[in-house]
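Colleague: Got a minute? I'd like to walk through this one with you, and I'm new to this, so keep it plain.

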Amino acid sequence: MKSLQTYVVVLASIAIVTLVAILLRNTLTLANFTMIYLLLVLIVAISAGTIPASLSAIISFFCINFFLVPPYYSLLVADQREILDLVVFLIVAGLAGRLGSRVKQQANEAQQRAHEQALLYQLTRAFNQLVHPDGVYQTLTHVLQTDMRAVWVEILPMSTNSPTHDNGTVYYLLLQGGERIYATVSAAFDTPLTESQLALVNTCVSQAAMALQRIELSERAIKSKKFEEADKLKTAILQAVSHDLRTPITIIKSSASNLRQFHDQLSPQEEHEITETIELETDHLDRLVGNLLDMSRLQAGALSLNRRLNDLEEIAGDIAAQSWQRTRQERIKLCFPEDLPLVSSDYGLLRQAVSNIVDNSLRYEPADQQVEICGMIQGREAFIKIVNHGETISDADKANIMKPFYHGRDGHIGLGLPIAKGIIEAHQGRLWVEDTPGGGATFVLTLPLSEETSDEAKNTRRG
Amino acid sequence: MKQKILVVDDEPQIRRQLKIGLGGYGYEVWLAGNGNEALTLTAQHAPDMIVLDISLGSEPDGIEVCRRIREWSQAPIIMLSVHNEEKTKVTALHAGADDYITKPFGMEELHARILAILRRVTVEPGTGMKPEIVVGDLRIDLVNRMVYVENEEVHLTPTEYDLLRLLATHPGKVMTHKAILNAVWGSEYSEMDHYVRVFVNQLRKKLHENPARNVRYILNEPGVGYRFVMPK
């Protein structure tokens, strides 16, 4: 249809030009006419291509000969020299037509290439941002359908549908990166693809394969990093087991065997001391094992939070009471505002986290001073500050004390603080350490406060 | 007559130590290594107290045994549990257990729990209730619904008073959040355990609790509920 229209327009334009030329044939010369027709042929060449241009050159030749060269309305030529003009016109028109259409074709190709390049650029950019293979498949399908006009695209073997389109041309392409074949793409088009279209489809598919390969490699890198960390932890646990766990076990064992062998020689005082040691070391061992379990649970991501709306002051109070029971001294001072809202948290785990930090702080607290546990609200977060007045922690230690198994200032196996950090981060909170004004360390932990929790708490209080 | 305690645990060493320890405190101790044995011994000997491990490593497990014993016996049951088992502890309490103790525990602690429960169950109904409860500086006048700390009157709202009375009349007994909500607020509130937290907090402030100096009347049972201190 389109080509028929083109020919009609071409013929009509020649007819109009010829009509005008007939009216003017007494005023203008043959040279003028050939120039006008040449222009027409050139325009046809640029806008419609080689064949319409050649056709219009030949028709023009006959029109000039028939209507404009005497004798009129005959193909005879009166003046022998005008034959030369006509032949030259035909050759020039033919060449101009070819030239014009080639320019047109080149322009078309350049445009097509620009389009392809834009498409590929867009595709590459889209692929680079994707982190999941499904995204790659979706994008590829989308591009083939919208930009390449595929009527139907399937990714095999993911797809379970069998081809349903049978009156088009179906292409099967491999999504292959390196040695690995990720999938097969099958795409159907209404008409067979030209070589350049096929090349473009192939480029899209290989870009997709590269994206899949990149995703696979980065996933593998993450996994191997996790393995590496787990491996490091395992080594550290083994070291801890061999050293830190053996110490209490050794004490318990030697105490028990002393008791068994020398029970008739021991004074009641000595016997009491030995049994007390066994109990204390057992508690110590229990705490160590608990910490190791918590740590491995945290590292394995196997910590499940039993979230409830909890009273932070209650948690702090528990810890303060526990400290009193251990030492019979008031080593902890609590400061909590009256209207501190309840915070969604796992009571047991949060208590463990705060207790670990408080234990650490108590170890460095001067005997005549108290560790403070303070609660407050700032913005959308609840804060718990654990303030100690001992030595200030060096910047190097600040960075390290939260790392598992860091042998800190006193040679304790460092698990308490990393566990606290892990627990708080599992609550979407943060933990960091600051200097206490006048010396000492202040641990600050935050817990997110949801609108619901604070409202709920207010309502409850009113009720 | 010696009081009889049935110890149920799948670990022979633990059974043995409990036999030595409880025997040392003057109880007659029976041992069971699994749930079925425990049910049989309970039926045959009607123990005054059952110490029951939650995880018996075989069917029926501790909670199931507890549930079955409760179908026909009111013998008090103390469950043995491990850390991080709050939900199991609550299940055990709702299945009819009277208390639980977390492993590892000291024999003194277990004995104190046993004594507290035996004291509660041996009190004849109607005779044991005193008109006044005194713990440390706290005095609760149950007749006039008055509460004093260091002889100074404390003004409590009706809900606060009901909560305190519920806890204080069950000294040493662990009360789950759900049980407290049912008793004080009504069963339709049984999922609102934060209510209990807010009211306990208010109550503690009014009673001038000071955990840092171990001045405490209401003790936390993390993830489970609360326990009123045993009067000395």
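Modeller: Sure. One definition before we start: helices (H or I, at least four residues) and strands (E, at least two) are DSSP runs, numbered from the N terminus. Also keep in mind that this is a predicted model.

Colleague: OK. How many helices and strands does chain B have, then?

Modeller: The secondary structure of chain B comes to eight helices and 12 strands. Chain B has 232 residues, and 37% of them count as buried.

Colleague: And what about the confidence for chain B?

Modeller: The average pLDDT of chain B is 89, and 95% of the residues score at least 70. For the model, the scores are ipTM 0.82 and pTM 0.63.

Colleague: Why should I care about low pLDDT?

Modeller: Because where pLDDT is low, the predicted coordinates should not be read in detail.

Colleague: Fair. Show me something in chain B. Which way do β6(B) and β7(B) run?

Modeller: They run antiparallel: β6 (residues 132-135) and β7 (residues 138-141) of chain B are joined by four bridges. In that pairing, I133(B) stands opposite I140(B). The two strands form a hairpin with two residues between them, and G136(B) in the turn has a positive phi of about 55°.

Colleague: Switching to chain A. What's the strand order in the three-stranded sheet?

Modeller: The order is β1-β3-β2 in chain A, an open sheet with antiparallel pairing.

Colleague: Why is one side of β1(A) and of β2(A) left without a neighbour?

Modeller: β1 (152-156) and β2 (169-177) of chain A stand at the edges with a single partner strand each, so one side of each has no neighbour in the sheet. On average, neighbouring strands here are turned by 20° against each other, ignoring direction.

Colleague: How many bridges between β1(A) and β3(A)?

Modeller: Five, in the antiparallel sense, with β3 covering residues 180-189 of chain A. One pair to look for is W152(A), whose bridge partner in β3(A) is A188(A).

Colleague: What lies across those two strands?

Modeller: Helix α5 (residues 133-146) of chain A lies across β1 and β3, running at about 155° to β1(A).

Colleague: And T191(A), buried or exposed?

Modeller: T191(A) counts as exposed, because it has 9 C-beta neighbours inside 10 Å, and the cut-off for exposed is 12 or fewer. T191(A) is in the loop between β3 and α6 (195-262) of chain A. Its C-alpha atom is separated by 9.4 Å from that of A150(A), and the two residues are 41 apart along the chain.

Colleague: Cool. How do α9(A) and α11(A) pack?

Modeller: Helix α9(A) packs with α11 (residues 416-426) of chain A at an angle of about 145°, their axes 8 Å apart. The crossing is left-handed. Residues making the contact include L349(A) and I357(A) of α9(A), and L417(A) and I423(A) of α11(A). By class, the contact has nine nonpolar, four polar and one charged residue.

Colleague: Last topic: how many residues of chain A are in contact with chain B?

Modeller: 29 residues of chain A are in contact with 19 residues of chain B. Elements giving two or more residues to chain A's side include α7 (268-299), β5 (332-335) and α12 (451-462).

Colleague: Which element gives the largest share?

Modeller: That's α8(A), with eight residues on the side of chain A that touches chain B. By class, that side has nine nonpolar, eight polar and 12 charged residues.

Key. Residues are numbered from 1 along each chain as its sequence is written. Chains are lettered from A and ligands numbered from 1 in the order in which they are written. This is a predicted model: local features need pLDDT of at least 70, side-chain atom pairs count only at pLDDT 80 or more; totals for chains, interfaces and linings use all residues. Two strands pair if DSSP finds at least two bridges between them. Axes are lines fitted to C-alpha atoms, for helices over the stretch in contact, and angles run from 0 to 180 degrees between N-to-C directions. Two residues are in contact if their C-beta atoms, placed from the backbone, lie within 7 Å. A residue is buried if 20 or more other C-beta atoms lie within 10 Å of its own, exposed if 12 or fewer, and partly exposed in between; C-beta atoms are placed from the backbone. Ala, Val, Leu, Ile, Met, Phe, Trp, Tyr, Cys and Pro count as nonpolar, Asp, Glu, Lys and Arg as charged, and the others, Gly among them, as polar. pLDDT is the predictor's confidence in each residue, from 0 to 100. A crossing is left-handed if the near helix is turned anticlockwise from the far one by less than a right angle, and right-handed if clockwise.
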